[in-house]
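Here are some notes for a colleague who is about to look through this entry, set out as numbered points.

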Number of protein chains: 2
Amino acid sequence: MSNPKRPEQPANLARRNFLGAAGGLAVAAASVGAAAMAPVAEAAANPAAAPSDKEPFWGQHQGGIVTPQQRYTCFAAFDVTTNKRDELIEILKHWTIAAARMSEGRPVYPLDSTKDTEPPADSADVLEISPARLTITFGFGPTLFSKEGVDRFGIARRRPQALVDLPRFNGDQLAADKTGGDISIQACSDDPQVAFHAVRQLARLAYGKADMKWVQNGFTGDGSKGTPRNLMGFKDGTVNPPLNDHAALNKLVWVGSEGDWMRDGSYMVVRRVRIALEHWDRSPLDFQEQVVGRHKYSGAPLGKLNEFDAADLDAADSDGNPIVPDNAHMRLASAAANQGMQILRRGYSYNDGANFTAERWPPWRQEVEFDAGLLFFGYQQDPRTGFIPINHQLAKLDIMNQFITHVGSGIFACPPGAQPGSFIGATLFG
Amino acid sequence: MSNPKRPEQPANLARRNFLGAAGGLAVAAASVGAAAMAPVAEAAANPAAAPSDKEPFWGQHQGGIVTPQQRYTCFAAFDVTTNKRDELIEILKHWTIAAARMSEGRPVYPLDSTKDTEPPADSADVLEISPARLTITFGFGPTLFSKEGVDRFGIARRRPQALVDLPRFNGDQLAADKTGGDISIQACSDDPQVAFHAVRQLARLAYGKADMKWVQNGFTGDGSKGTPRNLMGFKDGTVNPPLNDHAALNKLVWVGSEGDWMRDGSYMVVRRVRIALEHWDRSPLDFQEQVVGRHKYSGAPLGKLNEFDAADLDAADSDGNPIVPDNAHMRLASAAANQGMQILRRGYSYNDGANFTAERWPPWRQEVEFDAGLLFFGYQQDPRTGFIPINHQLAKLDIMNQFITHVGSGIFACPPGAQPGSFIGATLFG
């Protein structure tokens with residue numbers, strides 16, 4: 001059964017592939033300039049991609065923050081393994097070009113079937129299909145600026161004050177292999193394979209210079225019939241700053257001129273929040289509603305009729321008890337309970353199958369349970385007045401903690417968008 | 001911050017929930033008869049679900065086998081923990097009614113917001129949205145018939161000869177927590193949340209009587225532009241028995257009258273096949289094509305121009321070497337190389353993030369890599385002439401083994417469909 005043309009010698013093949021990969025990177029590097037200069041003239045690989053299938057990549061802000069939320073996300077955190085500033089900048093340049101191309105439905109680099117002795121420039125698994133509003137959002141974690149006291153890239157003094165290390169919150173059970181990272185990449189698309197494809201190509205471009213640390217996929221409910229529901233069965237996202245309210249976004253989400261290189265960027269906090277769905281599903285309806293602070297089926301605040309009715313946090317029943325309990329999630333997360341602060345939530349659900357786990361609360365079941373829950377993304381102008389105080393309050397007081405556990409976490413400074421010819425991170429590294 | 005109406009006493013609440021859950025099951029049980037008798041008269045919870053959004057549940061065959069493949073799947077394997085035959089039958093009856101209702105876009109049981117001191121009958125997270133062609137397919141594993149020599153349910157003598165224990169295949173690296181199970185449930189839908197919702201409700205109905213053993217989600221590529229591509233970037237599913245060729249399906253997929261209680265059923269093999277995407281992506285295009293036996297971009301068999309051209313397995317080049325290598329995946333999996341046998345493949349990709357792994361082949365990289373690959377489902381009339389001999393050949397000879405590792409596995413006898421008023425498994429347990 002041997003094949004004379006291509007001997008089955010894995011050691012040789014692997015060696016050849018290794019060299020091939022190195023060659024591929026060199027080829028790719030050589031083409032960056034050309035690709036950057038002629039992205040428009042090049043024919044799109046996917047002529048079927050209608051304009052509405054595409055979100056712009058280049059611009060004042062990065063995409064994927066105030067972009068109307070896509071249904072799927074693939075999030076990856078990387079640790080940079082090179083200590084060379086030039087190599088890091090080269091990766092960022094590659095990533096920028098590749099992200100721009102993929103946002104337009106193009107392969108990460110042009111495919112050339114005549115170069116068949118080289119690894120293909122793109123895995124090609126989404127070759128014919130729509131980018132489905134793909135956005136790719138990059139962020140820089142605290143450890144990029146200095147790690148174990150070492151300023152590897154000469155940027156330690158430029159670490160923004162707002163890019164704090166997240167404190168430990170009450171109840172945190174963070175897993176090291178789902179936490180942190182030097183750089184974050186979040187791909188969002190209405191097609192999950194497109195999102196994964198994007199992260200996979202970008203990971204490959206950085207092989208040997210930046211390693212994946214953790215990867216997490218997520219999805220949202222079908223929003224065609226109104227606010228989608230999360231895995232708790234409640235409508236999620238009813239209260240969020242309107243994406244077309246520029247004044248609110250400038251106040252809550254975007255960094256202003258005080259931000260130096262972060263101007264027009266935003267700070268992102270990600271949390272992987274496991275939900276004890278088995279426990280939740282066995283909880284009475286009225287208790288679920290008091291935990292959330294809303295009616296389950298209508299989505300209305302407790303005591304109201306319609307989803308978008310304003311909550312009356314002062315209302316009391318005839319016994320003088322608050323209609324929305326003091327420890328209800330909605331009350332504690334509200335702007336009213338947080339000095340008017342809001343963050344832009346861009347939440348996804350996640351569903352990673354099932355594994356053996358011990359519940360945190362009585363009856364302390366130990367069994368195979370769904371590893372599923374909320375993949376929280378929150379964008380804000382400053383986490384010190386955004387996520388951190390809000391989550392401190394929630395972590396201490398929210399009755400929902402009976403059902404949820406924060407098991408993964410990250411904080412990233414997402415720099416401004418880039419203009420064609422420039423790259424993401426140019427304001428920091430340029 | 002205490003709430004006088006609902007004291008924060010988790011122990012009490014948990015106790016109450018436990019009782020509540022038991023009560024909920026009793027209520028549900030009482031309603032099975034009525035629901036079975038009046039599924040049509042009841043108003044659909046989701047009036048927006050158009051007929052094309054629904055696949056029939058009741059019928060000669062179970063859905064989800066020759067149903068045109070949906071984009072998402074949620075597969076779960078359960079171990080039955082009760083030893084009582086009556087309780088197992090009760091679960092199957094509940095599951096049947098619930099599956100039929102969910103296939104029509106209804107909650108698993110009718111929701112009643114006036115019963116707010118009970119756990120809701122459905123998690124409600126897909127309340128408004130389309131069933132998106134949901135199918136739910138049940139199967140019985142070898143261990144349901146006898147486990148550790150014990151015939152718990154009086155069915156050991158009815159175990160079909162075709163429901164063999166799968167042999168160990170060359171290269172198998174099966175993880176115990178992703179292998180086997182007494183009962184399988186596969187939900188498929190064009191919406192991933194709908195598929196997960198279905199499995200979650202069914203798992204809940206069996207709480208305390210059947211435990212989840214493993215759960216695996218999958219997706220396929222967007223097929224709107226032709227045969228979708230798998231994560232290797234190749235079109236996958238080009239050669240499959242046509243779903244409208246009843247003669248072929250009766251020969252290859254469906255069990256005939258010789259099958260006793262399995263008549264009109266089918267045998268399913270599931271394999272979780274991790275792909276070393278990092279290794280694959282570094283392999284030259286020509287080698288990828290020789291591994292698969294097809295051209296990557298066109299999908300044509302090697303030496304041919306178009307995807308649906310028949311492969312010429314006898315063709316040789318001017319040196320006499322076969323155009324399709326002897327160890328190419330496509331050749332070894334072909335009907336021609338397997339005495340004309342084919343199985344109905346219903347493959348999905350899976351993407352479970354990333355974890356630390358050691359590659360099986362040189363250069364034996366150890367790093368965080370994508371935990372992604374193929375979630376193989378194959379249906380056949382008899383695994384002894386279907387999956388087993390085909391996979392023995394692949395496991396020994398397929399050059400693709402350099403990139404893939406089978407890490408999870410299961411075999412299940414999927415009984416015939418049910419008629420309204422009956423239940424899945426009635427031919428075995430009735």
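**Notes on the predicted model**

1. In this predicted model, the two copies meet through the same surface, because 99% of the interface residues of chain B are also interface residues in chain A.

2. The arrangement of the copies can be stated precisely: a turn of 180° with a shift of 0.0 Å along the axis lays chain B on chain A with an RMSD of 0.0 Å, and this is the relation of a two-fold axis. Within chain B, the C-alpha nearest that axis belongs to B:Asp352, at 3.2 Å from it.

3. As for annotation, an unreviewed UniProt entry lists residues 62-219 of chain A as "domain: Dyp-type peroxidase N-terminal". In the model this span is 23% helix and 20% strand, and its end C-alpha atoms lie 21 Å apart.

4. The largest nonpolar core has 172 residues, and those with the most contacts inside it are A:Trp95, A:Phe429, B:Trp95 and B:Phe429. Leaving aside neighbours within four places in sequence, B:Trp95 is in contact with B:Phe78, B:Phe138, B:Ile183, B:Ile185, B:Leu202, B:Leu205 and B:Ala206.

5. A charged residue also deserves a look: B:Arg133, in the loop between α2 (85-103) and β2 (135-140) of chain B, counts as buried because its relative accessible area is 15%, where the cut-off is under 20%. Not counting residues up to four places away in sequence, B:Arg133 touches several residues, among them B:Asp53, B:Glu55 and B:Asp190, as well as B:Lys54 and B:Cys188.

Note on methods
Residues numbered from 1 in each chain as written. Chains lettered and ligands numbered in written order. Predicted model: local features only at pLDDT ≥ 70, side-chain atom pairs only at ≥ 80, totals over all residues. Heavy atoms only, no water. UniProt positions renumbered as here; feature names shortened; annotations may be inferred. Helix = DSSP H or I, 4+ residues; strand = E, 2+ residues; numbered from the N terminus. Buried < 20%, exposed > 50% of the residue type's maximum accessible area, 1.4 Å probe, protein only. Contact = heavy atoms within 4.5 Å. Core = buried A, V, L, I, M, F, W, Y, C linked by side-chain atoms within 4.5 Å. Least-squares fit on C-alpha atoms with pLDDT ≥ 70 in both.
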